[in-house]
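This briefing goes through one structure for a reader who works with coordinates. Please keep the sequence and the 3D view open while reading.

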Amino acid sequence: MPNFEEDDFPSTPGKFKIERSHHLHHGFGRQFSRVFSSTSTMLIWVLFLIALTVSFLSFQTTVHTGRSYGYLSWADRKWEREVRVSAQIQRPHGMSVLVTGAAGFVGSHVALALKKRGDGVVGIDNFNDYYDPSLKQARKAMLKRHGIMVVEGDINDAKKLNKLFDVVVFTHVMHLAAQAGVRYAMENPHSYVHSNIAGLVTLLEVCKSANPQPSIVWASSSSVYGLNDQVPFSESDRTDQPASLYAATKKAGEEITHTYNHIYGLSITGLRFFTVYGPWGRPDMAYFSFTRNILQGKPITVYRGKDRVDLARDFTYIDDIVKGCLGSLDSSGKSTGSGGRKRGPAPYRIFNLGNTSPVTVPNLVGILEKHLKMKAKKHFVDMPGNGDVPFTHANISAAQNEFGYKPTTDLETGLKKFVRWYLSYYGYHGKYVN
Ligand SMILES: O=C(O)[C@H]1O[C@H](OP(=O)(O)OP(=O)(O)OC[C@H]2O[C@@H](n3ccc(=O)[nH]c3=O)[C@H](O)[C@@H]2O)[C@H](O)[C@@H](O)[C@H]1O
């Protein structure tokens, strides 16, 4: 691994540098004022020290980026070669795609689908421990077997992102790295700001300065509809009443990407995913944790809405979502800017990617019981006021018209595939399941 793989980076940009120079100047300043009485001598020494500090810092930067003086270690070269190979396009008119969150659920599926059809793919993921990182490592290993490299790094790390853009001319960015989960936002609000706001801005800054600029497709969320009660949810419906901080950060993402489209000419497509599920899924989601608990004989908590009305979700199978992502990339149109300047208007699009047939949570449990051949121990509780919404239901006609999006997997079929994967992945033979 080259050094920059292990580098720390400030999550508040500039903070580290400011403190460092402050310390240097004050500490040395006090010492020298004792030694030199003449003001002019001291001034010369101060100037000399500033020059020395500046040249030292620029040398450090050179060593880290390996750019300005042609310095490149063997490890850097090997890493760059791996990145280039992973990004190689293997079909006519193919694309080279940077997939953020590539070790995540949707990211790993999209990366694989792109690679399989001959596109170049490089992934980046911070492998955080929001849920079991070993599942992320397993997805990474699976991608590696298919020739896809996943770089370990955070989207707040502009240096690492710039390095990737130096090595590869990315035509597209599929931005799926995010802090997911609706209810966890009450526990750890800052992680949502860190990834979904600050990380997004860092990524957009890098993309806007890239030459040529890539087209960007990114994951928004059905949760932006919040308390909207128009059914089914259309892209033109109200999205200014979020029910969770997660939803609010995704909505903010839609506004932020709009400004980058408007000012810099970046081509932007936001996809509002509706409760995506399937093999290699996220352990924090209901269908996944219910499966685990049912198999372990543990109770599950089923939330109920006002007046004991069942909650419902427009559960959408991963393969349908992948088709929607690829369709969005293929139809995204080009960014128009270069060198950080807009040259003309670029596409700005938002699409729902749902299944168009909501299913209640008790029905979801019933399907799982059938596939697992086991009964769930259900505890019904009133929906806590923690960001949940009573139902979701997508109108998908915009995506259908634009790139032929048409989901084909119902919940019964999709959960059967999920259960098969779950049992095989966790080696379940009637014993303890992790
Ligand atoms: O579409 C999205 O944009 C979001 O989809 C997903 O959120 P949700 O639709 O809330 O999925 P999920 O947690 O599986 O709960 C499903 C149902 O089970 C109910 N639920 C949940 C947990 C529980 O213990 N009991 C329960 O009844 C719960 O009340 C709900 O009715 C993603 O996680 C999120 O990251 C985001 O992408």
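The points below cover the ligand site, the sheet, the helices packed on the sheet, and some backbone details.

The model is predicted. In it, the ligand has 22 residues around it, and the protein covers 92% of the 700 Å² of accessible area that the ligand has on its own. Elsewhere in the model, 7 strands form an open sheet with parallel pairing.

**Ligand site**

- R183, S221, S222, T301 and D388 come nearest to the ligand, out of the 22 residues around it.
- For R183, a polar side-chain atom is placed 2.3 Å from an oxygen atom of the ligand.
- In the side chain of S221, an N or O atom is 2.4 Å from an oxygen atom of the ligand.
- D388 also has a polar side-chain atom by a ligand oxygen atom, at a distance of 2.7 Å.
- With the protein in place, 92% of the ligand's 700 Å² of accessible area is covered; the 700 Å² refers to the ligand on its own.
- Two elements, α9 (286-296) and β8 (299-304), give two or more residues to the shell around the ligand.
- Of the elements, β8 contributes the most to this shell, with 3 residues.
- By residue class, the shell holds 12 nonpolar, 6 polar and 4 charged residues.

**Sheet**

- The order of the 7 strands in the open sheet is β3-β2-β1-β4-β5-β6-β11, and they pair in parallel.
- β3 (149-152) and β11 (348-353) are the edge strands, each with pairing on one side only.
- From one strand to the next, the twist averages 20 degrees.
- Between strand β1 (residues 96-100) and strand β4 (residues 172-175), the parallel pairing runs over 4 bridges.
- V99 has M174 in β4 as its bridge partner.

**Helices on the sheet**

- Helix α3 (residues 74-87) lies across three strands, β1, β2 (120-125) and β3, and its direction is at about 125 degrees to β2.
- Helix α6 (residues 158-167) also packs on the sheet, where it touches β1, β2, β3 and β4.
- The direction of α6 makes about 170 degrees with that of β2.

**Backbone details**

- A cis peptide bond joins N211 to P212, and its omega is near 5 degrees.
- P212 sits in the loop that runs between α7 (189-209) and β5 (215-221).
- The bond from V231 to P232 is likewise a cis peptide bond, with omega near -10 degrees.
- P232 belongs to the loop between β5 and α8 (245-264).
- H93 is a residue other than glycine with a positive phi, near 60 degrees.
- The loop between α3 and β1 is where H93 is found.

Methods
Residues numbered from 1 in each chain as written. Predicted model: local features only at pLDDT ≥ 70, side-chain atom pairs only at ≥ 80, totals over all residues. Heavy atoms only, no water. Near = heavy atom within 4 Å. Polar contact = N/O pair within 3.5 Å; in protein donor to acceptor, adjacent residues only side chain to side chain. Areas by Shrake-Rupley, 256 points an atom, 1.4 Å probe, with all protein chains shown as cover. Nonpolar A, V, L, I, M, F, W, Y, C, P; charged D, E, K, R; others polar. Pairing = 2+ DSSP bridges. Axes fitted to C-alpha atoms, helices over the stretch in contact; angles between N-to-C directions. Contact = heavy atoms within 4.5 Å.
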